[in-house]
Amino acid sequence: MDRTSTPEPSLSSPSPLRTVAVVGLGTMGTGIAEVLVRAGREVTGIDVSEAAAAHAVRALETATARAVRRERITEDERRAALARFRTATDLRAAAGADLVIEVVPEDYAVKHEVFTALDAIVRPEAILATGTNALSVTRLAADSARPERVLGMHFFNPAPAMKLVEVVSSVLTAPAAVAAVTALARELGKEPVAVGDRPGFVADGLLFGYLNQAAAMYEARYATREDIDAAMRLGCGLPMGPLALLDLIGIDTARTVLEAMYAASHDRLHAPAPVLGQLAEAGLTGRKAGRGFYTYDGPDSALVVPDAQTPGAGGSGAAAQAREVRAVGVAGSGTMASGIAEVFAKAGYRVVLAARSQDKAEAARARMAKSLARSVEKGRITAAEREAALAAVEPAGSLDAFADVDLAIEAVAEDLAVKQQLFATLDKVCKPGAVLATTTSSLPVVACARATSRPQDVIGMHFFNPAPAMKLVEVVRTVLTADDVHATVRAVCAKVRKHAVDCGDRAGFIVNALLFPYLNNAVKMVQEHYASPDDIDAAMKLGGGYPMGPFELLDVVGLDVSLAIEKVLHREFRDPGLAPAPLLEHLVAAGCLGRKTGRGFREYAKA
């Protein structure tokens, strides 16, 4: 057949996308339909299930009624929006659409069937968009009779609330089709990010690797589901912990996305954790089933209810008796040391703040005084509480001042030799029965313990910076730590109003072991010219609800610090996927360390 005999319409000046068909009326399809009708589009929702179509209508009525109650739209606007929405069970209802958005289950055969059928139904100038987050847009386009008009339009759940839309083009997609869909996304009040076709795109490509590692961490019984989720919420400021998020997404969906990512990357970090397959096969797919990593009040409920794994449920034996702690020694003169001293002083402990010289100790106490003054200005504490906290801190120029402390905490440089030397000194100086703690974030706690004659008294207490503000403390037991030492630190954390999470003595503990591979993968995306730092940061903030994008965070943490932690993780786990990205190594070698040097992934004005 001579295709030149029937020239196709030009895409050089795409007409406005005023009428849209949404194929698949599950949660995502219904949410997309709501966004479209509220933005003035005529929308046809199509689903083979009449029940799904009816549910979509009810959901749209409920959502718009809620918007009226919250004064986001008027009643007249609500009625007009509902009038723009109609449903059908036959794909032929998409015949007049300018744009068709497919949101059927994440199965290539199902999507291929939909696209093949649409080829024979829609107008020649219509654009076909897939909502996939894992399957190949290029493959769907290549199988279509109009590959230049096929692209991806990946919304995030819940679609009405989430601002990000990833606009995914294949090598076959016409630029004007991308431009038309990008313009529509902006008109919908969304932030479009243009990306190429690879499984997971930007946001899910980074997110699902992190979620997978969290599932593997839980499966290995390294930490409880509650501690893993609390660590990432409190340590990184994330809106949800990774296991709770997997339950929300759907464990079966997550497994499908990871399978597609692994097939493309062959990176072991993307190989689905076996527990995901086990839960999916058992039908324990998360909130929608009423049970996944957690147990819920019922299918589609967000209310977590106690089960056999809930802390305190069915526990056996009495907990060890905590040792009494009245005086605390903090070794170090940096920001972390002064912050930890402030935490304990405000909680009523007597604190000895020791540094290498009396001047350095006095300077650390002065830094603490400034922090307390800011807290008074912000109304967090009273002037009297500030004075009481300052009075509780005794600066000292030698560790000899730790002779009577009940808990000694080191917060010195992240150098194992330095820490081991300090612990050897603490062993000689501190009284018998004193608990010795390290704040290391990446070094082996047991190596510090072995520098003493009492390894049973040594434990990790990893505070997060800034210590007065951050609620999390990772409590790190070694194979030699005594039960009463662990109980003591847990009790102390409660008294200073910190949330303690338990973890074993391995590189990265919980937070860094999950956070830094994610950051490293973001660097790899830039290194491979897949996306820019700006687009990746926008994708993670808008699509994942992260408080900072990965490149913002890398520049704040320091690229040298990040590289050191990633090297430790790679050395510990021997996984090729954890090898530091060469781009990160090159920037560090060039002295581009982030905000502290004025240049990292971005340039900063010098203070």
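**Exercise 1. Decide whether Phe509 is buried or exposed, and describe its backbone and its place in the fold.**

Solution. Phe509 has a relative accessible area of 1%, and because buried means under 20%, Phe509 counts as buried in this predicted model. The next step is to find the residue along the chain: Phe509 sits in the loop that runs between β18 (499-504) and α18 (511-527). Turning to the backbone, its phi is positive, at about 55 degrees, although Phe509 is not a glycine. As a general rule, most residues other than glycine have a negative phi.

**Exercise 2. Work out where Ala513 lies and which residues it touches.**

Solution. Begin with the secondary structure, where Ala513 is part of helix α18. Its relative accessibility is 8%, so Ala513 counts as buried. If residues up to four places away in sequence are left aside, Ala513 touches Gln213, Met217, Ala507, Gly508 and Leu569. A last step concerns Arg146, which is 367 residues from Ala513 along the chain, and the C-alpha atoms of these two residues are separated by 45 Å.

**Exercise 3. Compare the accessibility of Arg574 and Asp575 in the loop between α21 and α22.**

Solution. First confirm the setting: Arg574 is in the loop between α21 and α22, and Asp575 is in the loop between α21 (559-573) and α22 (582-589). Then take the accessibility of each residue in turn. Arg574 has 66% relative accessibility and therefore counts as exposed, whereas Asp575, at 8%, counts as buried. The contacts of Asp575, apart from residues up to four places away in sequence, are with Arg268, Leu269 and His570. Finally, look at the backbone of Arg574, whose phi is near 55 degrees, a positive value in a residue other than glycine.

**Exercise 4. Locate the cis peptide bonds that precede Pro158 and Pro466, and state the omega of each.**

Solution. The peptide bond from Asn157 to Pro158 is cis, with omega near -5 degrees, and Pro158 is found in the loop between β6 (150-155) and β7 (164-169). Asn465 and Pro466 are likewise joined by a cis peptide bond, for which omega is about 0 degrees; Pro466 lies in the loop between β16 (458-463) and β17 (472-477). For background, most peptide bonds are trans.

**Exercise 5. Characterise the overall fold, from its secondary structure to its dimensions and surface.**

Solution. Counting elements gives 22 helices and 18 strands. For 607 residues, a compact globule would have a radius of gyration near 25 Å, and the 28 Å of this protein agrees with that expectation. Along the principal axes, the C-alpha atoms fill a box of roughly 90 × 55 × 45 Å. Buried residues make up 53% of the 607 residues, and among contacts with a separation of 6 or more, 69% are between residues 24 or more positions apart. The exposed surface is about 26200 Å², of which carbon and sulfur atoms supply 53%. As for charge, there are 66 positive and 71 negative side chains, and the centres of the two sets lie 5 Å apart.

**Exercise 6. Judge which residues have pLDDT under 50 and how this bears on reading the model.**

Solution. Start from the whole protein, where the mean pLDDT is 93 and 96% of residues reach 70 or more. Over residues 1-14, pLDDT stays under 50, and the model has 15 contacts beyond four places in sequence for this stretch. Where pLDDT is low, the predicted coordinates should not be read in detail.

Conventions. Residues numbered from 1 in each chain as written. Predicted model: local features only at pLDDT ≥ 70, side-chain atom pairs only at ≥ 80, totals over all residues. Heavy atoms only, no water. Helix = DSSP H or I, 4+ residues; strand = E, 2+ residues; numbered from the N terminus. Rg over C-alpha atoms; globule rule 2.2 N^0.38 Å. Buried < 20%, exposed > 50% of the residue type's maximum accessible area, 1.4 Å probe, protein only. Contact = heavy atoms within 4.5 Å. Areas by Shrake-Rupley, 256 points an atom, 1.4 Å probe, with all protein chains shown as cover. Lys, Arg positive; Asp, Glu negative; His and termini not counted. Charge placed at Lys NZ, Arg CZ, Asp CG, Glu CD. pLDDT = per-residue confidence, 0-100.
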